[in-house]
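Please open the model in your viewer and keep the selection tool at hand. The tour below proceeds from the overall fold to individual contacts and then to the backbone.

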Amino acid sequence: MARYFVGDIQGCYEELMRLLLRVDFHPSRDELWAVGDLVARGPESHKVLGFFTSLGDAAKAVLGNHDLHLLAIQAGLKRPKPSDKLKKLLESKHLPGFIHWVRHQPLMRELPEHKLIMTHAGVPPQWDLPTLREEASEVNKVLMSDTYLDLIGSMYTEEPESWDPDASGFLRHRYCIDALTRMRFLYLDGRLDFACKKPPADCEGLALKPWFEFPSKLDDFTLVFGHWAALMGKTDNPRRIALDTGCCWGEDLTLWHLETGEKITQKKLK
Ligand SMILES: [Mn+2]
């Protein structure tokens with residue numbers, strides 16, 4: 001049995017199939033862990049969700065910001081942008097099943113025997129493992145409930161910027177969603193920055209640091225994440241595994257084989 005972790009697929013179905021063919025992936029034997037953002041921007045989001053929903057227990061995905069945004073679009077709370085290339089997905093007869101599957105994916109997964117945690121964007125450095133488990137699971141309970149659209153509709157505020165252990169309800173859930181699915185840089189006081197998407201070297205002197213450069217309560221855990229294509233897989237820390245290498249922007253899709261540590265890449269096809 002092999003475990004493969006894949007970066008942000010974002011509708012790049014053909015590139016994913018090529019990678020899985022190259023490593024001889026078999027869902028009856030292997031697992032495919034995905035860091036989220038399965039959909040949007042690339043051409044075949046409908047095929048990516050069709051594939052993941054066919055994998056059963058071999059699929060281990062977490063939700064990214066684009067996956068949550070799909071819930072808002074499907075419910076009519078947000079309009080789809082043509083650049084998201086979601087038309088075929090939104091017109092698919094399988095859409096209700098896809099939405100159901102997305103709503104049942106977690107915001108974090110872990111492999112305790114490897115001291116490994118996967119989220120879409122990262123883990124806020126203030127959080128220990130019990131806090132991460134608790135906050136992520138509270139959000140997932142809401143997503144699986146009949147009233148999940150109240151939370152989805154309230155997501156678009158960029159508030160709160162800071163973790164407040166005494167906050168309650170949606171304020172608390174929104175911090176969790178923003179930190180786990182949208183975070184890149186933090187201010188030096190730990191507040192979330194929502195604006196800068198550049199590589200760290202271009203932001204020196206801006207009073208911002210990448211979230212993974214702060215001392216963390218999870219320093220001895222391996223954190224696997226995506227979301228930040230400008231990193232191009234580089235963090236300078238062997239326990240911080242960045243897998244988004246910008247396939248939907250014309251760069252690469254990256255697959256990481258946990259057991260060997262090998263990274264396999266597929267260039268974006270025309
Ligand atoms: Mn993302």
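Helices and strands are here DSSP runs, with at least four residues for a helix (H or I) and at least two for a strand (E), numbered from the N terminus. Bear in mind throughout that this is a predicted model.

**The whole chain**

Begin with the cartoon view, in which the protein shows 8 helices and 11 strands. Its radius of gyration is 17 Å, close to the 18 Å that the globule rule gives for 270 residues, so the protein is as compact as a globular protein of that length. If you display the C-alpha trace alone, it spans about 45 × 40 × 35 Å along its principal axes. Colouring by accessibility would show that buried residues make up 56% of the 270 residues.

**Salt bridges**

Turn next to the charged side chains, among which a search of the whole structure finds 19 salt bridges.

Select D220 and K115, whose side chains meet in a salt bridge at 3.1 Å, N to O. D220 sits in the loop between strand 7 and strand 8 (222-225), while K115 sits in the loop between strand 4 (109-111) and strand 5 (116-118), so the pair ties together parts that are 105 residues apart in sequence. Both partners are partly exposed, D220 with a relative accessibility of 43% and K115 with a relative accessible area of 35%.

Now select R240 and D219, which form a salt bridge at 3.8 Å, N to O. This pair also links distant parts of the chain, with R240 in strand 9 (residues 240-242) and D219 in the loop between strand 7 and strand 8, 21 residues apart. Is each partner buried or exposed? R240 is buried, at 4% relative accessible area, whereas D219 is partly exposed, at 43%. From here, select R3, E31, E113 and E259, which are joined into one network by salt bridges that share partners.

**Around D30**

Select D30, which is placed in the loop between helix 1 (13-22) and strand 2 (31-34). Its side chain meets that of R29 in a salt bridge at 3.0 Å, N to O. D30 counts as buried at 3% relative accessibility, and R29 counts as partly exposed at 40%. Add A2 to the selection: the C-alpha atoms of D30 and A2 are separated by 4.8 Å, although the two residues are 28 residues apart along the chain.

**A patch of negative charge**

Switch to a surface view and select D202, E204, E213 and D236, which gather in a patch of negative charge on the surface. D202 belongs to the loop between strand 6 (185-187) and strand 7 (208-210), and with a relative accessible area of 47% D202 is partly exposed.

**Backbone details**

Finish with the backbone, remembering that most residues other than glycine have a negative phi, and that most peptide bonds are trans. Which peptide bond is cis? Select E159 and P160, which are joined by a cis peptide bond with omega of about -5°; P160 lies in the loop between helix 7 (148-153) and helix 8 (169-181). In the loop between helix 7 and helix 8 you will also find E158, a residue other than glycine whose phi is positive, near 60°. E158 counts as partly exposed, at 37% relative accessibility.

The last stop is Q10, in the loop between strand 1 (3-6) and helix 1. Q10 has a positive phi of about 45° although it is not a glycine, and at 5% relative accessibility Q10 counts as buried.

How values were computed: Residues numbered from 1 in each chain as written. Predicted model: local features only at pLDDT ≥ 70, side-chain atom pairs only at ≥ 80, totals over all residues. Heavy atoms only, no water. Patch = residues over 30% accessible without salt bridge, like charges linked within 9 Å, V, L, I, M, F, W, Y side chains within 5 Å. Areas by Shrake-Rupley, 256 points an atom, 1.4 Å probe, with all protein chains shown as cover. Salt bridge = Lys/Arg side-chain N within 4 Å of Asp/Glu carboxyl O. Lys, Arg positive; Asp, Glu negative; His and termini not counted. Charge placed at Lys NZ, Arg CZ, Asp CG, Glu CD. Buried < 20%, exposed > 50% of the residue type's maximum accessible area, 1.4 Å probe, protein only. Rg over C-alpha atoms; globule rule 2.2 N^0.38 Å.
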